[in-house]
Structure formats: structure tokens, C-alpha cells
Amino acid sequence: MSNNKVVLITGATSGMGELTASYLASNGYIVYAGTRNKDNLKSDNENINYIYLDVTKTQTIKEAVNLVIKKEGKIDVLVNNAGYGLLATIEEGTDEEMFNQFDVNVFGLIKTTREVLPYMREAKQGVIINISSFLGKMGLPLLAHYNASKYAVEGIVDSLRFEVAPFNIRVHSIQAGLFGTNFVKNGLVANAQTTSENSPYKDLVAHFVPIVAKAINEGPNPQPIANAVKNIIEDENSDILIPVGIEAETFVPLRKELSDKEFEQKIKETFGI
């Protein structure tokens, strides 16, 4: 069974990206799974093609998109999934850490989108799905850089939709909660000073980091993310922003209902901060 839709997914070798790639492939999509690992581009699944794509290197994005176009003649769907989280206070985060956070989560997403848009525009159709976070709509301590990057992603979605609507291109955001992925091990980078014994924020770190780590380590399987991606592709009337997972489904609606001060109070109570 093949529906012949061609999907390009960034950051597709672990966690949500990997699961989404295999789920779409098992449903007949032709999947190009972007990976930073040049040496392992083999796939057991004939519908998954691994391609070298590092969102921080513009040339690799161009080459990956050109390769897909050369082989398939089109890209129907782009899933911007590549991303990671920086754990650092604003006071202690380094230049390199803050630049890297935005390089992957924001600029990489913009560059990959920029590369596929001409082909979608000419085809007069396309779907762009950004894997965002419930933290694109609210803040938490020690995650300000990550929060800011996801707020930026939400801003891109809100504006880009107007630009590409005349070309029948849809843009969506999946606001993910905390799922049981390798995010703590592979997707979280911690600032050495923030996590050291002599950080002025050590009490906050000692309280808050275990809460987040536990939520991810014991979190549910990320299959609902893959389901949401497939649903957005197949439903032309899909919502713009889809909260997926308990944190997203709890806090995103609350954010709309409560005043800023009430919402902050609710977060303090929930996380004991």
C-alpha cells in the first residue's frame, strides 16, 4: 500500500522523530529521515530512506532536499523535528550554549523550511509540521533558552501561515508534553555551572531537575506525537496548534483561560517553586 506522499523529517534517528518516521513508513508514506550520522544511512524499512542532514549546516540541508527532489520529484510534507533542550539559568548560560540552542531549534527549522518552500509553492501544495512544545506557550525555570526557542517556533508558525496560504501550503505546530524518550540522555544539555554545587541556584536545581527528569524518564510512549503528525497530514481542516501529552493538554488551555498572574501562580503551585 502506498499513498506516494513524500515526507522529509529532521532529527529522525531517535525519540519522536524515529517513531514518527517508522509510523508514517508503515502507513505507506515515502519517508526521508534526516540524520547527523553520515556513516549509518542504511534502513531495514524499504519506505524509510536515511539521508545526511545537519540542520546547523546549511549546505547539508540543501543537498538533502536536492536529493529528495531528484529521487521523488517532490516533497509533500516537512516535519521539523530536530531539537534539544538546554538546561541553564539565564545568568549562567554561555554564549556558545545560547547560540547552539537557537541554531538547532530555530535557525535550523527556518533554513530547512526555506529550502523546501519553493518546491511546495510550485506544486501548489504542502504541509509543514513543527514539533514544538507546551513550553512554547509558557515558561519554566532553568529552561529559559529552550522556552525562548519554542516561543520563536510558535511565532514562525503564526506568521508563515499567512505567507504560504495563497499557495495551498499548511503550517502547523505540535505542542508536545513530556514523553518517555531519550531526551534526558540525548536531548538535554546541562550548563556545568548551573548544575554545580556552588551555583547560587542550586536549591532550585535540586528541586526542579528531578521533577522534569522523572516526568520524561517515566513518561508515556511518544506514539501520540506520530499519530498527530499523520492526522495533520491527512486532515486539511486540522487545527493550527495541537497540544499532545498531559502537560500540553493541561497547561495550554489554562494559559488561555487565566490571567498572566493567575497562570504563574498555578505553575508555582503545580511544580512547588
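## Secondary structure and fold

The chain of this predicted model contains 9 helices and 9 strands. Of the contacts between residues at least 6 apart in sequence, 71% join residues at least 24 apart.

## Overall dimensions

The C-alpha trace extends over about 55 × 45 × 30 Å along its principal axes. For 273 residues, a compact globule would be expected to have a radius of gyration near 19 Å; the chain has 19 Å, so the two values agree.

## Burial and surface

Of the 273 residues in the chain, 48% are buried, that is, under 20% relative accessible area. The surface exposed by the chain amounts to about 13300 Å², and carbon and sulfur atoms supply 51% of that area.

## Internal cavity

Rolling a probe the size of a water molecule over the atoms shows where empty space is left. In this structure there is 1 cavity of 30 Å³ or more. The largest cavity holds about 60 Å³ of space.

The lining of the largest cavity is formed by Thr10, Val55, Asn80, Asn81, Ala82, Val104, Gly108, Leu109, Thr112, Ile131 and Lys150. By character, these lining residues comprise 5 nonpolar, 5 polar and 1 charged. Lys150 belongs to the lining and counts as charged, whereas Gly108, also in the lining, counts as polar. Helix α3, which covers residues 95-123, contributes the most to the lining of the largest cavity, with 4 residues.

How values were computed:
Residues are numbered from 1 along each chain as its sequence is written. This is a predicted model: local features need pLDDT of at least 70, side-chain atom pairs count only at pLDDT 80 or more; totals for chains, interfaces and linings use all residues. Side-chain values use heavy atoms; hydrogens and water are left out. On a 1 Å grid over the protein atoms alone, a cavity is a set of points where a 1.4 Å probe fits but cannot get out, and a pocket is an open set with protein on both sides within 12 Å along at least five of seven lines; lining residues have an atom within 4 Å of a point. Grid points are joined across faces, edges and corners, and a volume is the space filled by probe spheres set on the points. Helices (H or I, at least four residues) and strands (E, at least two) are DSSP runs, numbered from the N terminus. The radius of gyration is taken over C-alpha atoms; the globule rule is 2.2 Å times the number of residues to the power 0.38. Buried means under 20% relative accessible area, exposed over 50%, partly exposed in between (1.4 Å probe, protein chains only). Contact means heavy atoms within 4.5 Å. Accessible areas come from the Shrake-Rupley method with a 1.4 Å probe; for residues, only the protein chains shown count as cover.
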